[in-house]
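Trainee: I have a model open and would like to go through the pockets and the annotated positions. Could you walk me through them?

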Amino acid sequence: MSTTIQSLRDYREKGQKFSCLTAYDATFAGLLSDCGIDVQLVGDSLGMVLQGRESTVPVSMEDMVYHTECVARAQPESLVMTDLPFMSYATTGQCLHNAARLMQAGAQMVKIEGTDWMAESVHQLTERGVPVCAHLGLTPQFINKLGGYRVQGKGAEAAERMVAHARRLVEAGADVILLECVTSSLGTRITREVGVPVIGIGAGPDTDGQVLVLQDILGISRGHKPRFVKDFLQEGGSVEGAVRAYDQAVKNGEFPDSKHSFSG
Ligand code: KIV
């Protein structure tokens, strides 16, 4: 049965964890679906993973439409979520226009990075039938402003700010919150305090779902490996085995453990 936004709400309600991996092409989209991955993220991480770029900043709408179509053609049972790329949602008008392009390419939810400044766009999208995931914490499209890939929301004031932003975006209509690179305690707090499914990446074990980049769980990513990444190919023994091992570890609550989380 296909995963929908309602499935994610039901999982949260029942305390059942769900899995998410990035997918950029039809072959992997089919495999991930067969392995029971609940959500496939056509992430703008494709800029680094597929295109060999330094960051996600140069990724275009055309890239995201193309890869969303590739994933959607596999007709996965997983929910397909696609990133709106850098500056494609800078104004509410641009956001609505570009979200429509992604939904027509086959996305079932769009993801946008930022804080409370996105509230109006989130509201307008959800009013028009576009489910939204709001990505908070380490937001890679802001790398030039952040000055490095670091844990976010550290310290009482920064943590309160992030909680307030998450609440505001949910009030505006965000269906899902994604938290990247925050301490486990902040991940736990936001998951408890917002009434929608929360997906974590480096946000500790208590979020409702977990996401990783596919190439990271296969141990084939180049360059620096963040602490929250785990190579599942070792235990899985094959590409399919690695995807199944990741899915099971997330659903059993075995991943992430403290080695793959940030304390504080
Ligand atoms: O683009 C991406 O793959 C992402 C995840 C790492 C959360 O945004």
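Mentor: A word on naming comes before anything else: helices (H or I, at least four residues) and strands (E, at least two) are DSSP runs, numbered from the N terminus. This is a predicted model, in which local features need pLDDT of at least 70 and side-chain atom pairs count only at pLDDT 80 or more, while totals for chains, interfaces and linings use all residues. Residues are numbered from 1 along each chain as its sequence is written, and side-chain values use heavy atoms, with hydrogens and water left out.

Trainee: OK, which residues does the "binding site" annotation cover?

Mentor: The UniProt annotation, from an unreviewed entry, covers D44, D83 and E113; UniProt positions are given in the numbering used here, feature names are shortened, and annotations may be inferred rather than shown by experiment.

Trainee: And why do they gather at one spot?

Mentor: They span 70 residues in sequence, yet no two of their C-alpha atoms are more than 11.0 Å apart, so they gather at one spot. D44, D83 and E113 also belong to the lining of the largest pocket. On a 1 Å grid over the protein atoms alone, a pocket is an open set of points where a 1.4 Å probe fits, with protein on both sides within 12 Å along at least five of seven lines, and lining residues have an atom within 4 Å of a point.

Trainee: Where does D44 sit, and is it buried or exposed?

Mentor: D44 lies in the loop between β2 (39-42) and α3 (46-49), and it is buried, with a relative accessible area of 4%. Buried means under 20% relative accessible area, exposed over 50%, and partly exposed in between (1.4 Å probe, protein chains only). Not counting residues up to four places away in sequence, D44 touches T56, V59, M64, D83, P85, E113 and Q141, where contact means heavy atoms within 4.5 Å.

Trainee: What about D83, where is that one?

Mentor: D83 lies in strand β3 (residues 79-83) and is buried as well, at 2% relative accessibility. The side chain of D83 reaches the backbone nitrogen of D44 at 2.8 Å. That is a polar contact, meaning a pair of N or O atoms within 3.5 Å; within protein, one must be able to donate a hydrogen and the other to accept it, and residues adjacent in sequence count only if both atoms are side-chain atoms.

Trainee: Q141 was among the contacts of D44, so what does its side chain reach?

Mentor: The side chain of Q141 reaches the backbone oxygen of L84 at 3.0 Å, and it makes a polar contact with the side chain of Y89 at 2.7 Å. Q141 is placed in the loop between β5 and α7 and counts as buried at 4% relative accessibility.

Trainee: Back to the largest pocket, what is its volume?

Mentor: The volume of the largest pocket is about 900 Å³, and of the 35 residues that line it, the closest to its centre are M48, V213, D216, H224 and P226. For these volumes, grid points are joined across faces, edges and corners, and a volume is the space filled by probe spheres set on the points. The lining divides into 17 nonpolar, 9 polar and 9 charged residues, where Ala, Val, Leu, Ile, Met, Phe, Trp, Tyr, Cys and Pro count as nonpolar, Asp, Glu, Lys and Arg as charged, and the others, Gly among them, as polar.

Trainee: And the second largest pocket, how many residues line that?

Mentor: It is lined by 15 residues, of which T115, G137, L146, Q152 and H165 lie nearest its centre, and the second largest pocket has a volume of about 340 Å³. The largest share of its lining, 4 residues, comes from α8.

Trainee: Where is H165, then?

Mentor: H165 is in helix α8, buried with a relative accessible area of 14%, and, leaving aside its neighbours within four places in sequence, it is in contact with T115, D116 and L136.

Trainee: Last topic, where does UniProt place the "active site"?

Mentor: The unreviewed UniProt entry places that feature at E180, which is found in strand β6. E180 is buried, with a relative accessible area of 11%. Leaving aside neighbours within four places in sequence, E180 is in contact with H135, L136, G137, L138, P140, I201 and F228.
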